2 protein chains.
Amino acid sequence: MSIFGLFRRRSTAPVARDRLQVLLSHERAVIGKSDLIATLQEEILAVIAKHIKVDRDAVQIKLERGDNFSTLEIDVEVPSLAKTNKAA
Amino acid sequence: MSIFGLFRRRSTAPVARDRLQVLLSHERAVIGKSDLIATLQEEILAVIAKHIKVDRDAVQIKLERGDNFSTLEIDVEVPSLAKTNKAA
């Protein structure tokens with residue numbers, strides 16, 4: 001790629017990549033109780049992996065925990081959904 | 001409750017309610033292909049329902065579809081996670 005290629009920002013998407021983002025937020029009325037978000041994380045990832053080829057190394061997960069507010073961000077990039085495989 | 005009670009905003013949370021929000025966004029590199037979000041919607045709801053008592057009527061779902069960008073918002077309110085039931 002020439003240096004000029006840097007200025008062309010995937011106009012025709014040579015590598016077609018889909019992006020799936022999941023954002024969970026859990027606001028607890030009672031402080032400090034249960035950790036639903038962490039529980040859901042693995043199961044939601046499993047649900048996604050059932051439908052698209054997910055490379056675990058290409059998944060970015062950001063979990064933030066507070067006393068009564070937690071957020072989880074899951075960021076999945078997939079080469080395209082041509083590779084969709086319904087394993088269910 | 002006296003009228004003064006209106007000014008006290010759930011200081012002691014008389015009805016403790018947890019709130020779980022799930023936000024999905026799917027950006028497709030190839031326009032119009034597949035509808036991953038709609039597929040994931042039911043399965044993610046099922047995962048949540050495994051862990052908390054979800055009243056389907058109390059679930060708000062907002063799905064927005066575009067040619068190459070879709071978003072799904074799931075909003076669940078639960079009376080508190082004291083009622084957490086691990087059915088798995």
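This passage walks through the fold of chain A, the way chains A and B pair up, and the salt bridges in the structure. The model is a predicted one, and every value below was computed from it.

Chain A is a good place to start. Its secondary structure comes to one helix and three strands, and reading along the sequence gives the pattern β-α-β-β. Strand β1 covers residues 18-27, helix α1 takes in residues 36-51, strand β2 runs over residues 59-65, and strand β3 spans residues 69-78. The chain has 88 residues, and 33% of them count as buried. As for how the chain meets itself, take the contacts in chain A with a separation of 6 or more: residues 24 or more positions apart account for 66% of them.

Next comes the pairing of the two chains. In general, two copies of a chain are related by a rotation about an axis and a shift along it. Here, a turn of 180° with a shift of 0.0 Å along the axis lays chain A on chain B, and the RMSD of that fit is 0.0 Å. That is the relation of a two-fold axis. Within chain A, Leu23(A) has the C-alpha nearest the axis, at 2.4 Å from it. Both copies use the same surface, too: 100% of the contact residues of chain A turn up again in chain B.

How much of each chain goes into this contact? Chain A puts in 31 residues, and chain B puts in 31 residues as well. The size of an interface is often given as the accessible area lost when the parts come together. Between chain A and chain B that area is about 2700 Å², with carbon and sulfur atoms giving 60% of it. Three residues stand out on the chain A side: Glu27(A), Ala29(A) and Glu43(A) supply 17% of the area that chain A buries against chain B, more than any other three residues.

The interface also has its share of polar links. Two salt bridges are found across it, along with 13 residue pairs in polar contact. On the side of chain A that touches chain B, the elements that give two or more residues are β1 and α1 of chain A. Of the elements, β1(A) gives the most, with ten residues. Sorted by type, the residues on this side of chain A come to 15 nonpolar, six polar and ten charged.

Glu43(B) offers a closer look at how the chains meet. One of its partners is Lys50(A): the two form a salt bridge, and their closest N and O atoms are 3.0 Å apart. This pair crosses between chains, going from helix α1 of chain A to helix α1 of chain B. Lys50(A) counts as partly exposed, because its relative accessibility is 32%. Another partner of Glu43(B) is His51(A), whose side chain joins that of Glu43(B) in a polar contact of 2.8 Å. His51(A) also sits in helix α1 of chain A. With a relative accessible area of just 3%, however, His51(A) is buried. One glutamate of chain B is thus linked to a partly exposed lysine and to a buried histidine.

Over all chains, the structure holds eight salt bridges, and some of them stay within a chain. Asp75(A) and Arg19(A) are one such pair, with their side chains meeting at 2.9 Å, N to O. This bridge links distant parts of the chain, since Asp75(A) lies in strand β3 and Arg19(A) in strand β1, 56 residues apart. What about burial? Asp75(A) has a relative accessible area of 12%, so it is buried, whereas Arg19(A), at 31%, is partly exposed.

A second bridge inside chain A joins Glu73(A) and Lys62(A), where the closest N and O atoms lie 3.7 Å apart. Here too the pair links distant parts of the chain: Glu73(A) is in strand β3 and Lys62(A) in strand β2, eleven residues apart. Glu73(A) is partly exposed, with a relative accessible area of 24%, and Lys62(A) also counts as partly exposed, at 49%. Strand β3 therefore takes part in both bridges, through Asp75(A) and through Glu73(A).

Terms used:
Residues are numbered from 1 along each chain as its sequence is written. Chains are lettered from A and ligands numbered from 1 in the order in which they are written. This is a predicted model: local features need pLDDT of at least 70, side-chain atom pairs count only at pLDDT 80 or more; totals for chains, interfaces and linings use all residues. Side-chain values use heavy atoms; hydrogens and water are left out. A salt bridge is a side-chain nitrogen of Lys or Arg within 4 Å of a carboxyl oxygen of Asp or Glu. Helices (H or I, at least four residues) and strands (E, at least two) are DSSP runs, numbered from the N terminus. Buried means under 20% relative accessible area, exposed over 50%, partly exposed in between (1.4 Å probe, protein chains only). Copies are superposed by least squares on the C-alpha atoms of residues with pLDDT of at least 70 in both. Contact means heavy atoms within 4.5 Å. Buried area is the accessible area (1.4 Å probe) that two parts lose on being put together, summed over both. A polar contact is a pair of N or O atoms within 3.5 Å; within protein, one must be able to donate a hydrogen and the other to accept it, and residues adjacent in sequence count only if both atoms are side-chain atoms. Ala, Val, Leu, Ile, Met, Phe, Trp, Tyr, Cys and Pro count as nonpolar, Asp, Glu, Lys and Arg as charged, and the others, Gly among them, as polar.
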